[in-house]
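Student: Please zoom in on one buried spot and walk me through it slowly. After that, I'd like to see how the surroundings fit together.

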Amino acid sequence: MTYRVAVLLAAYNGMNWIDEQLVSISNQENVLVHIFISVDLSSDSTYKWCKHLEEENKNVIVLEYGERFGGAAKNFFRLIKDVDFAGFDYISFADQDDIWYLDKLSHGINQMETANAEAYSASVIAFWDSGREKLIDKSQPQREFDYLFEAAGPGCTYIFTNKAANLIKSYLNDFPELNDFVLHDWLSYAILRHNSYKWVIDSEPKMKYRQHNANQVGANTSLKGLIYRIKYILSGQVFKSIALLVNVLGISSVNISSKLGILKLAFKARKLRRRGGDQALAFIALILYAIKGPEK
C-alpha cells in the first residue's frame, strides 16, 4: 500500500534553502506526497518561488499569502487549521531549510506501524555550512509528564496519523488561546501524550537539520544555546506555557500556581524530562521559580 502524506511546510525568508528542501521532500520514496506551504510575510522572493513551484507541480499547494505570523509556531498552527486532512493517511511537519533522506517518511511510517503508534519523531543530524555534523539523539525514554516541559524533538521530524493530526486541529479550534503557544512541536506532543496517543521516538536519524543564524530554536549543541535556554526558563515564560497546558488539558495532579505546588513538582523532576541532565535543570529551575514565586 502506498500511503498519502500531507507535508505541512512553514516558510519565511527561505530563498537560500527552500528549493533544496522541497526537492528532498518531493523525492520521498514509497509514499504519495502533497506539500502544503504557508509563507510568513517575507522580504525576499520565497512566496514568488513557491507559487512558481505550485504552477509546475500538482502536488504543491501554497496557502493564501500576506499575513505576518511572526514565528514558526503560528505559521504551523495556520497550516494545521487550514489544511483539509481528508484523504491523507499521514500528516508531517517540515521546516524550509533541512534536507530529508529519501526514506524519511516511509521509514517513519514503518516505525509507527511496527509500534502501533499514532505519532512519530526522531533524532537528527545537525549540520553547519562549515561541514560540521553532529548527531542529536532524542530517543531517551519518555517520562510521565515530560510533555509538560519539552517537545519530543525537532518538529521537522514529526509524523502523525490522520486521527492524531485532527485531534491537534480540534484543540487549536476549541481553545483559541493555544494559538499563541510558544512552540508548535511542544504543543503537539503535549496534546497527544495527554490523550494517551502512543508516540514513538526513533533513535535513527533520517534528515539533516540545518543550523544557521536564522534558526528560531535550533539544536542545543553549544554553551551559548544552553545559556539561552536557562535564561528563557528563569524568565518565567516557560512556566506561563506550562500553566496554559495544565489549564487547557485539565491536569489536576500538577500545580504551578502556588509555591508549595511548585516545590512538590521539583521533587518529581525525574518525571518531567527525558534526559538526566535536563531533569537536574528542571529541578533547579523549579526551586528557583518557587523561591521567586509564581507570577500573578
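Tutor: Let's start with a polar contact of 2.9 Å in this predicted model, which joins the side chains of serine 38 and arginine 78. A polar contact is a pair of N or O atoms within 3.5 Å; within protein, one must be able to donate a hydrogen and the other to accept it, and residues adjacent in sequence count only if both atoms are side-chain atoms. Some ground rules: residues are numbered from 1 along each chain as its sequence is written, and side-chain values use heavy atoms, with hydrogens and water left out. As this is a predicted model, local features need pLDDT of at least 70 and side-chain atom pairs count only at pLDDT 80 or more, while totals for chains, interfaces and linings use all residues.

Serine 38 counts as buried because its relative accessibility is 0% (buried is under 20% relative accessible area, exposed over 50%, partly exposed in between, with a 1.4 Å probe and protein chains only). Serine 38 is in contact (heavy atoms within 4.5 Å) with Leu9, Ala10, Ala11, Phe69, Asn75, Arg78 and Leu79, leaving aside neighbours within four places in sequence.

Serine 38 sits in strand 2; helices (H or I, at least four residues) and strands (E, at least two) are DSSP runs, numbered from the N terminus. Strand 2 belongs to an open sheet of 7 strands in the order 3-2-1-4-9-6-10, with mixed pairing (two strands pair if DSSP finds at least two bridges between them). At the edges stand strand 3 (60-62) and strand 10 (199-202), each pairing on one side only. From one strand to the next, the twist averages 20°. Farther along, strand 6 (residues 119-122) and strand 9 (residues 159-161) pair in the antiparallel sense over 2 bridges, and alanine 119 has phenylalanine 160 in strand 9 as its bridge partner.

Now for the helices on this sheet. Helix 1 (residues 18-26) touches strand 1 (3-11), strand 2 (31-39) and strand 4 (90-94), and its direction makes about 170° with that of strand 1. Axes here are lines fitted to C-alpha atoms, for helices over the stretch in contact, and angles run from 0 to 180 degrees between N-to-C directions. Helix 2 (residues 46-56) lies across strand 1, strand 2 and strand 3, at about 140° to strand 3.

In the loop between strand 1 and helix 1 you'll find asparagine 13. Its phi is near 45°, a positive value in a residue other than glycine. That stands out, since most residues other than glycine have a negative phi. Asparagine 13 is partly exposed, at a relative accessible area of 22%.

Finally, back to phenylalanine 160. Among the residues that phenylalanine 160 touches, not counting those up to four places away in sequence, are Tyr90, Ile91, Leu192 and Trp199. Leu8, Leu148, Phe160, Leu192 and Trp199 touch the most other members of the largest nonpolar core, which has 60 residues. A nonpolar core is a set of buried Ala, Val, Leu, Ile, Met, Phe, Trp, Tyr and Cys residues joined through side-chain atoms within 4.5 Å. Helix 8 (residues 237-249) gives this core its largest share, 8 residues. A second, separate core of 35 residues includes Tyr3, Ala11, Ile37 and Ile109. Ala11, remember, is one of the contacts of serine 38.
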